[in-house]
Amino acid sequence: MSQLNPEQRNYDYLVEAARVGIHKPILAALYAVHRTPQLIDGNTGLGITPANQVIPLKLDTFAEQTQYAANTIRALTDNLIEQGWGGTDLWDTEQGRYSDKFLQYIAKGYIPKSTEKDIGRLEPSDYEALKKAYINDIQTDYDGADLPKNLSRLDQALVQFVERVGQYYKGLPHQRESMLETVRIWRKLDSHDAVIESLVQGTDLNADTIDETELDLLLTHFIKRVSPNYGGFPHQREALIRFVQLWRQMESRETTIQALDKADVSAEDLEVLDPAIMRFVKNASQYYVGKGSQRNSLTEALRLWRQLNSRQSVLSSLGVEPAQLQAASGSVDAMRELAKKIDQELVSFIKRVPNAYQDEEHQRDALIRAVQLWRGLPSREQAIASLTEDLKQIVVEPKKTVEPVQPITVVVPKRPSRWTPATVRSNLSLSIIPNGSFTWLEATHGGKRLPTSQATVDAIIRIARLAQQARDRLGRPMIVTSWYRPPAINRAVGGASRSRHIVGDAIDFVVSGLSGNQIYWTLDPWWPGGLGRYRSFPNLGHIDARPYRARWRN
């Protein structure tokens, strides 16, 4: 079998580092300095060999080697903490990495205790080589990111963010996910079920029957205790970085650190409400009947949108001058005609909003104000709460009916029992998942970009399953423009050095009749991975199957 490319290996590193709360580049460094043992999937390992209850069969693939290497680094860290090591012994805060002292211990290897489960033996390595490989991978992650040279302020920024976040919790799924992940990493647990079990201990609540309201109280109570209990240990730091990243749905650990350093990240994230705001905009244009509250709502929205200083300025911008108002004031019919003209202009404005919207703060504020006045709510905060409830409903609403495709008679080859690079090559016309809409021809650029490893095939299947759900949500076919891109092709087209397209679980696409913003607003409340849109290509959408929510606009 073919060896994994660096991006595919990096995917496994990211998954396992996030699971156990360690610094991901150490896994890449272990692979670089060991390259043993030889594995049955054609790859080489991270220097993990059997110990205690861990048998060779559990360490035979690259994914298993990475999993057990992560477990072992966490076990080594825990043992040193038990011996009295502090946060500064394990972590160099200025450099933003593991300390040289800790790297020396890792280089010595690790033999797990007989009581430690799921921990392999880490073979010794050369310290200087390990340190160099570790720093090199850090630099690769930081490539292109405007990160500070000194990361000593990071801990303060993390704690301050966590301290501010309580008042902005709205019970949205991604916010709850961020808190669950924080508790999981902080308490060194392996699942959200284990998190809930740990949270209900000492209470009258049952982990099997706990509802979201009860869980939210436990989670927010934990978050409030983070600041006084933060000791600067690596797993605690990773828990808080993960918290900010998931709360603000950022692309990566590095972009999260960059935003924190620039104080460019607020605990209040109103952008998440945009899908609900755009739903309101659509309904407002459809259900406008000239009621006073509706006219007032859209007039005020237009004023704030265009940053005008008075209602008269709004009327002037609509082509209605004071002289016209004065002339019409003595005639009911004239005033009715003038009101009709104003209504037409207001509806025309609100219909243009989705295409004109640029995520600017004053535009969002204008629309939130429109919601407040339209719905007769006393305050902006209540308008935000109302939109939040709308957003929760969008997450669980039924899928749209997909537009039917005219059937044609074709002879469909029998599907293979398992997709592999070989079976893909000989069955390009078949759908990737049973009864699915996406074929291997679409994933491989018409057969010109064939996967050579099982990891790539599995990644394509992973995104195909999710993409099918996205297509059902959109209610229209998705036209794929780019899916799997081998490293050389990705470089040739100017793709990011660690693009998900290299892994195989990313798709760029267009949808007939929808803009990139409309695609984004439809999928955003629900899509579980990466979701992007592009200023330079306003009709293009991007989805990927990374294991956490990330949102961006390039």
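User: Which residues of α3 do Arg9, Asp12, Tyr13, Glu16, Arg19 and Val20 in α1 meet?

Analyst: This is a predicted model: local features need pLDDT of at least 70, side-chain atom pairs count only at pLDDT 80 or more, and totals for chains, interfaces and linings use all residues. Numbering starts from 1 along each chain as its sequence is written, and side-chain values use heavy atoms, without hydrogens and water. Helices (H or I, at least four residues) and strands (E, at least two) are DSSP runs numbered from the N terminus, and contact means heavy atoms within 4.5 Å. On the α3 side, the residues met are Phe62, Ala63, Thr66, Gln67, Ala70, Asn71 and Arg74.

User: At what angle do α1 and α3 pack?

Analyst: Axes are lines fitted to C-alpha atoms, for helices over the stretch in contact, with angles from 0 to 180 degrees between N-to-C directions. α1 covers residues 6–20 and α3 covers 62–82. Their axes are 9 Å apart, and the angle is about 35 degrees.

User: What is the strand order of the open sheet of five strands?

Analyst: Two strands pair if DSSP finds at least two bridges between them. The pairing in this sheet is mixed. Its order is β5-β6-β8-β7-β9.

User: Which strands stand at the edges, and why is one side of each left without a neighbour in the sheet?

Analyst: Each edge strand has a single partner strand, so one of its sides has no neighbour in the sheet. From one strand to the next, the twist averages 25 degrees. The edge strands are β5 (479–482) and β9 (550–553).

User: Which residue in β6 stands opposite Ile479?

Analyst: β5 and β6 pair in the antiparallel sense, over three bridges. Opposite Ile479 stands Val510.

User: In β8, what is the bridge partner of Ala506?

Analyst: β6 and β8 run antiparallel, joined by four bridges. The partner of Ala506 is Asp544.

User: How many residues of β6 are buried?

Analyst: Buried means under 20% relative accessible area, exposed over 50%, and partly exposed in between (1.4 Å probe, protein chains only). β6 is largely enclosed by the rest of the structure, because of its five residues the buried ones number four.

User: In β9, which residues are the bridge partners of Gly530 and Arg533?

Analyst: β7 (residues 530–533) and β9 run parallel, with four bridges joining them. Gly530 has Ala550 as its partner. For Arg533, the partner is Arg553.

User: Which residues point the other way from Ala550 and Trp552 in β9?

Analyst: Ala550 and Trp552 point one way from β9. The residues on both sides are buried. Pointing the other way are Arg551 and Arg553.

User: At what angle does α23 run to β6, and what angle does the direction of α26 make with that of β7?

Analyst: α23 (residues 454–474) lies across β6 (506–510) and β8 (541–544), at about 25 degrees to β6. α26 (residues 516–523) also packs on the sheet, touching β6, β7, β8 and β9. With the direction of β7, α26 makes an angle of about 155 degrees.

User: Which residue just after α23 takes a positive phi?

Analyst: In α23, 16 of the 21 residues are buried, so this helix is largely enclosed by the rest of the structure. The phi just after α23 is about 75 degrees, and the residue is Gly475.

User: What is the relative accessible area of Leu377?

Analyst: Leu377 sits in the loop between α19 (361–374) and α20 (380–396). Leaving aside neighbours within four places in sequence, Leu377 is in contact with Gln372, Gln382, Ala383 and Ser386. Leu377 is partly exposed, with a relative accessible area of 22%.
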